[in-house]
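Me: Hi! I have a new structure open and would like to talk it through with you. Could you help me find my way around?

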Amino acid sequence: MDSTATDRFDASRFEASRNRLASLAYRLLGSAADAEDAVQDTFLHWQAADRQQIRVPEAWLTKVVTNLCLDRLRSAQARRERTAGAWLPEPLLDGDPMLGPADTFEQRESVSLAVLTLMERLSPLERAVYVLREAFSYSHAEIAGILDLTESASQQHLHRARRRITAARRGGGEVDLASARRIVEEFLAAATTGRTERLVALLTDDATAISDGAGLTERLLRYDTPQRVAAVARAGFKPTPAKRRLVGGTPAVHYAVVNGAPAILTVLGDQVVGSVTFDITGGKIAIVRGIAAPTRLARLTEAWRQHEPDTPLIAQW
């Protein structure tokens with residue numbers, strides 16, 4: 001095989017792993033844009049390597065992308081961004097290949113916004129072990145080889161990660177999306193018509209809301225009682241001329257599934273200008289997450305443009 005044919009063959013071997021590498025990097029970093037950068041850097045390492053000496057390309061690529069992600073998580077810039085109180089995971093539309101694998105509950109849960117947020121409490125190594133084990137079913141022997149640690153250390157990191165995530169997680173089990181949609185539609189109807197009592201009734205007693213303030217604030221906005229969440233929802237979902245000017249027109253409001261959870265998307269033309277996701281526990285809404293910063297919605301918008309949406313919940317908001 002000549003060098004050109006070899007390069008094409010090696011490039012095809014990398015492309016066969018691209019989606020898996022991207023989904024691994026997304027779980028580790030919580031950002032689709034950063035995950036894409038990590039995968040591209042992995043490709044550059046692959047091109048520069050003596051590929052004839054790589055016996056198991058999948059294992060080699062997994063090790064490289066994982067350690068590149070760990071370098072990012074440990075960087076001074078990442079620590080500043082993630083400890084400044086202005087970080088939320090980047091939302092992805094149902095069907096995005098970065099959300100795979102999704103065959104088991106553990107795999108689907110590992111990419112939920114709830115767990116991606118909770119993983120911020122873990123050390124980079126704990127996060128890596130948790131993702132490799134829970135989402136990709138690597139053995140502790142394999143994880144030890146990827147992360148250059150002992151099997152015992154891998155087991156300890158996993159134990160600590162599971163304990164911390166379980167202790168902080170609210171609710172459990174998978175939500176029936178048909179029931180969840182009804183709850184979200186009721187929430188939207190109550191919010192747009194100003195029925196505060198109905199909004200409070202749809203929320204758990206310890207409901208919270210988190211918003212990135214459309215990227216206009218340095219820190220996340222947090223609201224931590226059902227009454228405050230209801231008031232913010234009522235104010236936020238009430239359409240006004242000022243809000244239409246802010247988004248540049250009259251958007252539509254659609255129901256969607258984002259990171260496995262029910263969501264409301266505000267869409268102007270073919271651009272997603274806002275995403276509100278809901279964590280539902282026991283038939284009530286426990287957490288509301290609002291994301292409107294354009295940089296966090298870029299990949300979701302790209303997926304939406306290739307998506308065949310349902311009839312909007314509100315055609316002209």
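Me: There's a glycine with a positive phi somewhere, so where is that Gly-194?
Reply: Gly-194 comes just after helix H10, and its phi is about 80°. Keep in mind that this is a predicted model.

Me: OK, then let's stay with H10. How does its expected span compare with the distance between its end C-alpha atoms?
Reply: H10 covers residues 177–193, which is 17 residues, and at 1.5 Å a residue it should span 24 Å. The end C-alpha atoms are 24 Å apart, so the two agree.

Me: Which residues of H10 are buried?
Reply: Ala-180, Ile-183, Val-184, Phe-187, Leu-188, Ala-190 and Ala-191. Looking down the axis of H10, the buried residues fall within an arc of 165°, so they line one face of the helix.

Me: And what exposed residues sit on the face turned away from that buried side?
Reply: That face of H10 carries Arg-182 and Thr-193, which are exposed.

Me: Switching to aromatics. How many aromatic pairs are there?
Reply: The count comes to 4 aromatic pairs. One of them is Phe-14 with Phe-43, a tilted pair with 4.9 Å from centre to centre and 55° between the planes. Phe-14 is in helix H1 and Phe-43 in helix H2, so this pair ties together parts 29 residues apart in sequence.

Me: Are Phe-14 and Phe-43 buried or exposed?
Reply: Both Phe-14 and Phe-43 are buried.

Me: Back to Phe-187 for a second. Why does its pair with Phe-278 count as edge-to-face?
Reply: The planes of the two rings stand at 70°, and over 60 degrees counts as edge-to-face. The ring centres of Phe-187 and Phe-278 are 5.2 Å apart. Phe-187 belongs to H10 and Phe-278 to strand E5 (residues 271–281), so the pair ties together parts 91 residues apart in sequence. Phe-187 and Phe-278 are buried, and ring pairs link them with Phe-237 into a cluster.

Me: Nice. Now the nonpolar core: how many residues does the largest one have?
Reply: The largest nonpolar core has 45 residues, and Tyr-26, Met-119 and Leu-147 have the most contacts inside it. Helices giving two or more residues to this core include H2 (32–48), H3 (57–74) and H9 (151–168). H1 supplies the largest share, 8 residues.

Me: What else is there apart from that core?
Reply: Another core, of 28 residues, lies apart from it, and Leu-203, Ala-233, Ile-314 and Trp-317 are among its members.

Me: What does Tyr-26 touch?
Reply: Leaving aside neighbours within four places in sequence, Tyr-26 has contacts that include Ala-35, Glu-90, Met-98, Val-111 and Asn-259.

Me: Asn-259 caught my eye. Where is it found?
Reply: Asn-259 is in the loop between strand E3 (252–258) and strand E4 (261–268).

Me: Is Asn-259 buried or exposed?
Reply: Asn-259 is buried: its relative accessible area is 3%, and the cut-off for buried is under 20%.

Me: Which residues does Asn-259 touch?
Reply: Not counting residues up to four places away in sequence, Asn-259 touches Tyr-26, Glu-90, Pro-91, Leu-92, Leu-99, Val-111, Ser-112, Leu-113 and Leu-116. A polar atom of the Asn-259 side chain lies 2.7 Å from the backbone nitrogen of Leu-92.

Me: Last one: how far is Asn-259 from Ala-25 in space?
Reply: Asn-259 and Ala-25 are 15 Å apart, C-alpha to C-alpha, with their positions 234 residues apart in sequence.

Methods:
Residues numbered from 1 in each chain as written. Heavy atoms only, no water. Helix = DSSP H or I, 4+ residues; strand = E, 2+ residues; numbered from the N terminus. Expected span 1.5 Å × (residues − 1). Buried < 20%, exposed > 50% of the residue type's maximum accessible area, 1.4 Å probe, protein only. Arc of directions from axis to C-beta. Core = buried A, V, L, I, M, F, W, Y, C linked by side-chain atoms within 4.5 Å. Contact = heavy atoms within 4.5 Å. Phe/Tyr/Trp six-rings, centres within 6.5 Å; stacked < 30°, edge-to-face > 60°. Polar contact = N/O pair within 3.5 Å; in protein donor to acceptor, adjacent residues only side chain to side chain.
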